[in-house]
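This report describes the fold of one protein chain, from its overall make-up to its sheets, core and ring pairs. The sequence and the structure come first.

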Amino acid sequence: MSLWLPEDNAFIDNPELLKDTLSRYRRLLNGGGYAFWEWGLTNGSYRCGGSFWEKLGHQDIDAPLTSTEFIQEYVHPDDFGFVYNALMDHLRHNTPVDIVYRIRAADGTYWWTQASASSTRDGSGRVTHMTGVNFDLSHLKETEKALRLSESRHERVLASSNDGIWEWSATDASTNPKKAGRVGKFHTSYSFWEHLGYSEVEIDALPENERLSIWKSHIHPHDLQKLHHVLMKHFVTKQPIDFEYRMFGEKGKMFWMRTRGNSIFNIHGRMILMSGININITQLKESEERVRKARDEAEKANQSKSNFLSSISHELRTPLNAILGFSRLLATDKTLKPTHIENAEYINDAGKHLLRLINDVLDLAQIEAEKLSLSMEAVLPAQLVEESFKYCKASAEENQISLMFDQRQAQNLVIQVDPIRLRQCLLNLISNAVKYNVAGGEVVVHFAKDSQNLIISVSDTGPGIPEEKQSSLFEMFNRLGAERSAIEGSGLGLVLTKQLAAAMGGDLLYCDESAPGACFKLSFPIAADASLNKPQAQQVENDKTKKIELLFPESKNIFYIEDNESNIRLLDAWLEPYSQLTLLSQADPFLGLYEIRSKLPDMILLDINLPGISGYEILKVLKQDPLTYHLPVVALSASAMATDVEKGLKMGFDEYLTKPLDIDKLASVFNRFFSSKAA
């Protein structure tokens, strides 16, 4: 669009038109972001103005220009030479003026500008006026600078990473898009081939049209076919390529490569250009292999430890079954002398202590192997504290120790825990507080609320724990010198309690706020909007001579397959007082199967580890036999780890009891299967 310019005589006839035209051009010149200038060479006049000139902080110039020193004042010293030469060439040879240089602002800074100029000449060819325009190039120069920095940065990154860069262009993709996707030029960086052991001289000597096939020849044959499938999938789905494969490099050495890339496709869906990088991941793969081997070895060692503990547990529980069983029978025999009964009770207590030690070791092993089975429920912990007091009541009364419970600050708070495991934690802490107390002392369990946690404190009035020993409180088998005293212990209770608390989302800490005495604090998050489950109370054995009542009068035949004679004799002795029960037994599992089919007892008790055939195999035979599939089968095994119990129930046992046998639990099983009155 051109601007309308009136004839010269129109300005003479209409001064207002001249004024309006001049105003319009001034607005255009000042509002366009340019600096306009005119140099009158005949009279040396120089005029300059415009918005860019004002942006530089200069005022309009309307002054005589008698030398180039005036121009030099506004041009960067490093640029003045070629600016001066460009002006002189124009004056002498009418060379076009189109130059880029730095111009000085009023504050002394320099801005990039581009200048274009033309001139008016007289009849002899001499320049009378030179007119030009400057505009701001600073933002473009900054962009160029940033681009150069970015390119330089990428070059440094690529050089330092040693990644191979490649680009695969399709044949005739630019001239004939329908032919795109065919094998074309394959451009690579030097590092692309250096991965394979090539030198720069060898890389330069590679035939351009054979480079792709040469590269493919280095790929492991098993992975080459996979790579073809990856490429075909990429062409169909248009998803980026990310593939790991093996290659053979210098002297046939194999290494791992990872290729990542993507393509540009034409409107027909054919590949035009594919670009990507190759990354040597051999060290990463070797590290992964070392980690895998270490993990496998750790898992194997862990499994070996679990197998060892399971085996040791089984071997210890088998004789403990006889020790605890017969000692309890002796303790209930009224025909013995009181001293003999007392001796039997000592044997029974020692056996129970050993059993607790075995159970603690197995629990710690399961926690370390992250195989501890927890049944998390919302419970009122106050009920568990009161139950724990019942267990510890006898030993507390023996030493005249008072058991006190203060729950006023958190009486109705509910926590999400495994009630059996929390009871175990409380028993450990309270029994320790009783054992390490003084005669006539106190054990206090106190509830408090701290932020979002319930704090259960167990404190005693004993001698406490010296500060120098507190750092060793939670070390396995470290009894802090108590092993030289008459107090029994294993050094596992606190360790197990802390780890059980952690497994349930809580914590156990020792604090020496109470003086004298020791104080341990269990903390658990308070449950929000949880349905309350009442912990199932466990029977506390206060009267060792009390016989469990059977709730059925009918006679029942119990068949027991067990290869250990002492275990058979023990169970026979246990069941002797129950006239309605008849125990049949067999040490040989194959003969036992035959007798079961012949006699069809009311219940089968079955050991797991039997000679020649396992209890699981016997169970399978019984459940598949139409004559015996309906008979209840109860496992009675020394394999007592949680995984053993879970496996047994999953395999089809109606109940799984562990050795040492708890006759009360067995009586409960009889009641459950044989009595309609059983709960």
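Helices, here and below, are DSSP runs of H or I with at least four residues, numbered from the N terminus. Just after one such run, H15, glycine 505 takes a positive phi of about 85 degrees.

## Overall make-up

The model is predicted. Its chain has 679 residues, of which 41% are buried. The secondary structure consists of 20 helices and 23 strands. Of the contacts between residues at least 6 apart in sequence, 60% join residues at least 24 apart.

## The antiparallel sheet

Strands E8, E7, E11, E10 and E9, in that order, make up an open sheet of five strands with antiparallel pairing. Its edges are E8 (186-188) and E9 (241-248), each of which pairs on one side only. From one strand to the next, the twist averages 25 degrees.

Within this sheet, six bridges join E7 (residues 164-169) to E11 (residues 271-280) in the antiparallel sense. Tryptophan 168 has methionine 274 in E11 as its bridge partner. Helix H10 (residues 221-237) lies across E9, E10 (254-265) and E11, and runs at about 160 degrees to E9.

## The parallel sheet and helix H17

A second set of five strands forms an open sheet with parallel pairing, in the order E20-E19-E21-E22-E23. Here the edge strands are E20 and E23 (655-658), which each pair on one side only. Direction ignored, neighbouring strands of this sheet are turned by 20 degrees against each other on average. E22 (residues 633-637) and E23 run parallel and are joined by four bridges; the bridge partner of alanine 635 in E23 is tyrosine 656. Helix H17 packs on the sheet and touches E19, E20 and E21, its direction making about 160 degrees with that of E19.

Which residues of H17 are buried? In this helix, which spans residues 589-599, they are Pro589, Gly592, Leu593, Glu595 and Ile596. Their cover includes strands E19 (556-561), E20 (581-586) and E21 (603-606), together with helix H18 (615-624). At the N-terminal end of H17, aspartate 588 acts as a cap, with a side-chain oxygen 2.9 Å from the backbone nitrogen of phenylalanine 590. After the helix comes leucine 600, whose phi is positive, near 45 degrees.

## The largest nonpolar core

In soluble globular proteins, nonpolar side chains tend to be buried together. The largest nonpolar core of this chain has 42 residues, and the members that touch the most others are Leu422, Leu426, Ile430, Val445, Phe520, Leu522 and Phe524. Helix H14 (residues 419-435) is the element that gives the most to this core, with seven residues.

What does phenylalanine 520 touch, leaving aside residues up to four places away in sequence? Its contacts are Leu429, Ile456, Ser457, Val458, Ile465, Leu473, Phe474, Leu494, Leu508, Leu509 and Tyr510. One of these contacts, Leu494, is also among the buried residues of helix H15 (residues 493-503). The others buried in H15 are Gly493, Val495, Leu496, Thr497, Leu500 and Ala501.

## Aromatic pairs

The structure holds 19 aromatic pairs. In one of them, phenylalanine 192 and tryptophan 215 have ring centres 5.8 Å apart and planes at 40 degrees, so this pair is tilted. The two residues are 23 apart in sequence and the pair links distant parts of the chain, with phenylalanine 192 in helix H7 (residues 190-194) and tryptophan 215 in helix H9 (residues 211-217). Both phenylalanine 192 and tryptophan 215 are buried. They belong to a cluster linked by ring pairs, along with Phe186, Trp193, Tyr198, Phe243 and Tyr245.

Phenylalanine 670 and phenylalanine 674 form a stacked pair, at 6.2 Å centre to centre and with 15 degrees between the planes. Because they are four residues apart in helix H20 (residues 663-674), about one helical turn separates them. Buried means under 20% relative accessible area. Phenylalanine 670, at 1%, is therefore buried, and phenylalanine 674, at 13%, is buried as well.

How values were computed
Residues numbered from 1 in each chain as written. Predicted model: local features only at pLDDT ≥ 70, side-chain atom pairs only at ≥ 80, totals over all residues. Heavy atoms only, no water. Core = buried A, V, L, I, M, F, W, Y, C linked by side-chain atoms within 4.5 Å. Buried < 20%, exposed > 50% of the residue type's maximum accessible area, 1.4 Å probe, protein only. Contact = heavy atoms within 4.5 Å. Polar contact = N/O pair within 3.5 Å; in protein donor to acceptor, adjacent residues only side chain to side chain. Pairing = 2+ DSSP bridges. Axes fitted to C-alpha atoms, helices over the stretch in contact; angles between N-to-C directions. Phe/Tyr/Trp six-rings, centres within 6.5 Å; stacked < 30°, edge-to-face > 60°.
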